[in-house]
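Student: I would like to take a close look at a single part of this protein and then see how that part fits into the rest. Could you walk me through one helix, its two ends and its surroundings, step by step?

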Amino acid sequence: LANRFGAKITSVHIKNEVNPFEDHSPETLYQKMQNEMGQEFEKYQKEAQILRQSAAYELLTEIEVKHILREGEFVSEILNVCKQEEVDFIVMGTKGASNLKGVFMGSNTTNLIQRVPCPILVIPQNASYKGFEHIAYAMGIDWFEDPTINQAVKFAQYFKADLKCFNIQKGNISKKEAAEDRIADYRYEFRNYPNVSFEVLESKDVLMGIKIYVQQNQIDLLCMLYHQRGFLAKLFFNNHVRNVALGTQIPLLVYQELSE
């Protein structure tokens, strides 16, 4: 990604703070903090070496890579780094998420997506990168004025990928007709982009509809917009659907309403 966009990389590791309420004297607490930070530093050095080896294997050693180790609350420190380093794109792995419900139930990922000011690419642990040939953009359920589709189109162009934009409706006839009209507007707006398509689908369960679409179209990357009116909130945090797993191993690129 950094090579494609001519970017530099800042790798960040946040160590949890030592609990000050544990039974420690000031001296032993300080020593404990020093020891733990030293251990974290050694682990981080090993991971940095792996990243350098990976860059060398890909013949990308000219990409500037900076490493930051911090102690504190995860989301707050990430936001601080974003501001200080003027970060405009975040890549974040997630452990043990065999489905996107698992991705979003993680508190760190969930909180970061809701507060970060830039796009964030969430990569499930078992995902394997084979290039982005087919990218999908899941458009909002009830909200079609999407300010970040242009960003997804540009992203797809970098990889010479197809971009399939789709909207899922649950069967309400009037809403589906409104969706079809709005999609027709998008088709006209992007008529000069042969690799960009738009369609309306019907599914009683939105998450299942996305899962089926991703599988049937062999999608390599799923894009979505997070905004305060709650597309992702509806999909992943609403009690009605939060227990329904979207079983996929592909990366998820989340745009923010104010992303640039």
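Tutor: Let us begin just past the end of a helix, for H8 is followed by Gln218, whose phi is positive, near 50°. Please keep in mind throughout that this is a predicted model. Most residues other than glycine have a negative phi, and Gln218, a residue other than glycine, has a positive value. Gln218 belongs to the loop between H8 and S8, and with a relative accessible area of 60% it is exposed, because the cut-off for that word is over 50%.

Now step back into the helix itself. Helix H8 covers residues 206–216, and its buried residues are Val206, Leu207, Gly209, Ile210, Tyr213 and Val214. Seen down the axis of H8, these buried residues fall within an arc of 160°, so they line one face of the helix. The spacing behind such a pattern is a general one: an α-helix has 3.6 residues a turn, so residues three or four places apart point the same way. At the start of H8, a side-chain oxygen of Asp205 comes to within 2.8 Å of the backbone nitrogen of Met208.

One of the buried residues of H8, Ile210, leads us into the interior. The largest nonpolar core has 28 residues, and Ile210 is among those that touch the most other members, together with Ile90, Leu112, Ile120, Phe166 and Leu222. A second, separate core of 26 residues includes Tyr137, Ala156, Ala179 and Phe198.

Next, follow the chain through the loop that holds Gln218, and you come to strand S8, since this loop lies between H8 and S8. Strand S8 spans residues 221–226 and is joined by four bridges to S5, the two strands running parallel. Within this pairing, Ala138 has Met224 of S8 as its bridge partner. Strand S5, which takes in residues 134–138, is mostly covered, with four of its five residues buried. S5 is also joined to strand S6 (residues 162–169), here by five bridges and again in a parallel arrangement, and the partner of Tyr137 in S6 is Cys165. As a general point about such elements, the side chains of a regular strand alternate between the two faces of the sheet.

Another member of the largest core, Ile120, takes us to a further set of strands. Strand S4 (residues 120–124) is mostly covered, four of its five residues being buried. Strand S3, made of residues 90–94, pairs with S4 in the parallel sense over five bridges, and Ile90 has Ile120 as its bridge partner in S4. Strand S9 (residues 252–256) is joined to S4 by three bridges, but these two strands run antiparallel; here the bridge partner of Ile120 is Val254. When residues up to four places away in sequence are left out, Ile120 touches Ile90, Met92, Leu112, Ile113, Leu252, Leu253, Val254 and Gln256.

With that picture in mind, it helps to set the end of H8 beside two other places in the chain. Helix H6, residues 149–158, is followed by Lys160, whose phi is positive, near 55°; inside H6, the buried residues include Ile149, Gln151, Ala152, Val153, Phe155 and Ala156. Leu59, too, is a residue other than glycine with a positive phi, near 60°. Leu59 sits in the loop between helix H2 (26–57) and strand S2 (65–71), and it counts as exposed because its relative accessibility is 71%.

Two lysines give a useful contrast in exposure. Lys15, in strand S1 (residues 9–15), is buried, with a relative accessible area of 5%, and its side chain makes a polar contact of 3.3 Å with the side chain of Glu71. Lys83, in helix H3 (residues 74–85), is exposed, with a relative accessible area of 71%.

Finally, consider the whole in which H8 is set. The protein has nine helices and nine strands, and buried residues make up 40% of its 260 residues. Among contacts with a separation of 6 or more, 79% are between residues 24 or more positions apart. The protein exposes about 15,100 Å², of which carbon and sulfur atoms supply 48%.

Technical notes. Residues numbered from 1 in each chain as written. Predicted model: local features only at pLDDT ≥ 70, side-chain atom pairs only at ≥ 80, totals over all residues. Heavy atoms only, no water. Core = buried A, V, L, I, M, F, W, Y, C linked by side-chain atoms within 4.5 Å. Buried < 20%, exposed > 50% of the residue type's maximum accessible area, 1.4 Å probe, protein only. Contact = heavy atoms within 4.5 Å. Polar contact = N/O pair within 3.5 Å; in protein donor to acceptor, adjacent residues only side chain to side chain. Pairing = 2+ DSSP bridges. Arc of directions from axis to C-beta. Areas by Shrake-Rupley, 256 points an atom, 1.4 Å probe, with all protein chains shown as cover.
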